[in-house]
Amino acid sequence: MLNQCCKIAFVAALFLNNTAVAQDSLRTEKFNELASRVQKMMRQKGNSLEHLTVVHRQLSDYSDVNPELFKEISNKRLRYNLKERIRYIEMRSRGYNLQQSLVSMAILENEKPDNLEVQKLSIKTKRKAHNALRKNITDSRVDYTIEPSISYYTWGKNPSEFAFFDSPGMDVMFSLAGYKTFKLRPSKKIGKRQYYTYSQAGLKIDYFNGMLMPQLSALFTQTSGIDIGYAFNFSNPQEEVPEGTNFYTINIAGYYPINQVSIGLNARILSDFSNSHFLHYGITLKYNLKLGKKATSEELNKIKSDIENINMSPLK
């Protein structure tokens, strides 16, 4: 009887031990699976922080399997969360989604007020919002523009001999233009940043290949333009240009404006309305310096106050 009881107790103990080992094995397997998932998610940008939190919470149920690795993963997750939240704010700020960036920034500041990286991001985000709202005001009041530019032009060639990829030479052209704006109106809008377009009329001076060219200039919606003027020939080195010959000039241009800079393509004809006619073309890079009434101190103070209070009305 005693021997029978001992056998039963031994079998029961062996069964329980095997069960415990199996459970430990299952927990270890589950821990490794969840740890691998968390680490994989943190190797990529843009993963859902909510999803990451859920998986990490599941991993915490098995933290006793490997406490050191769990602590390492947890610390890495905190750094990943911060990095992703900063990236989110920067993306929204770059896209002028000022409301989202400022609200997210305020929440992050409240959670980590002593973090140096968060403090720097706060300054950068608020400065971006301030500049965007100020530009909305000043760009709506542009009265004049000054536009220096640099171009790379082909030398002139007789139109009858013209071939686009065949030129006797190329040189740099320097230009300076001043315009009065008119028909200013809103154009595209990116987030809370409002852009404006306008047409222009004014004077332009080009210097190219020994010729000085004052011109009347007009630009329509900042994208297409025409310059009409006179070219004083001082020292043009082209053999085809008769010495001392001056020309009337017409230049047609197409521009693609990018904020303060415009990129353009140009085609110019020079003619003395007699025997000499030359066609040349080039590419242009110009800077658009906008002049007009600035934002008042009251408007600037209101912008600052609205950003601090995240007042949504001026951000629309």
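A cavity is here taken as a set of grid points at which a 1.4 Å probe fits but from which it cannot get out. In the predicted model described here, the structure holds 4 cavities of 30 Å³ or more, and the largest cavity has a volume of about 100 Å³. Of the 16 residues that line this largest cavity, those closest to its centre are E147, Y179, K204, Y255 and K286. Two or more lining residues are given by each of the strands β1 (142–154), β2, β4 (211–220), β5 (224–233) and β6, and the largest share of the lining, 4 residues, comes from β2. When the lining of the largest cavity is divided by class, 8 residues are nonpolar, 4 are polar and 4 are charged.

The second largest cavity encloses about 50 Å³ of space. Its lining is formed by 11 residues, of which G156, M211, N236, Q238 and L270 lie nearest the centre. The lining of the second largest cavity comprises 6 nonpolar and 5 polar residues, with no charged residue, whereas the lining of the largest cavity includes 4 charged residues.

Among the pockets, the largest has a volume of about 470 Å³. The largest pocket is lined by 21 residues, and K188, Y195, I258, N259 and K290 are the closest to its centre. The elements that contribute two or more residues to this lining are α5, β2 (170–190), β3 (193–208) and β6 (247–258), with α5 giving the most, namely 5 residues. By class, the lining of the largest pocket has 8 nonpolar, 7 polar and 6 charged residues. Strands β2 and β6, which give two or more residues to the lining of the largest pocket, also give two or more residues to the lining of the largest cavity.

Helix α5, the element that gives the most to the lining of the largest pocket, also packs against helix α4. The axes of α4 (residues 98–111) and α5 (residues 116–139) come within 10 Å and cross at roughly 155°; because angles over 145 degrees count as roughly antiparallel, α4 is described as roughly antiparallel to α5. The crossing of these two helices is left-handed. On the α4 side the contact is made by L98, S101, L102, M105, L108 and E109, and on the α5 side by V118, L121, S122, T125, K126, A129, A132 and L133. The contact of α4 with α5 has 9 nonpolar, 3 polar and 2 charged residues.

Helix α4 is also in contact with helix α3 (residues 67–94), and the axes of α3 and α4 come within 8 Å and cross at roughly 150°, which means that α3 is likewise roughly antiparallel to α4. The crossing of α3 and α4 is left-handed. Helix α3 contributes L82, R85, I86, Y88, I89, R92 and S93 to the contact, and α4 contributes Q100, S101, S104, M105, I107, L108 and E111. The residues of the contact of α3 with α4 divide into 7 nonpolar, 4 polar and 3 charged. Residues S101, M105 and L108 of α4 take part in the contact with α3 and also in the contact with α5.

Methods:
Residues numbered from 1 in each chain as written. Predicted model: local features only at pLDDT ≥ 70, side-chain atom pairs only at ≥ 80, totals over all residues. Heavy atoms only, no water. Axes fitted to C-alpha atoms, helices over the stretch in contact; angles between N-to-C directions. Parallel < 35°, antiparallel > 145°, perpendicular 65-115°, else oblique. Left-handed = near helix turned anticlockwise from the far one by under 90°. Contact = heavy atoms within 4.5 Å. Nonpolar A, V, L, I, M, F, W, Y, C, P; charged D, E, K, R; others polar. 1 Å grid on protein atoms, 1.4 Å probe; cavity = no way out; pocket = protein on both sides within 12 Å on 5 of 7 lines; lining within 4 Å. Points joined across faces, edges and corners; volume = space filled by probe spheres on them.
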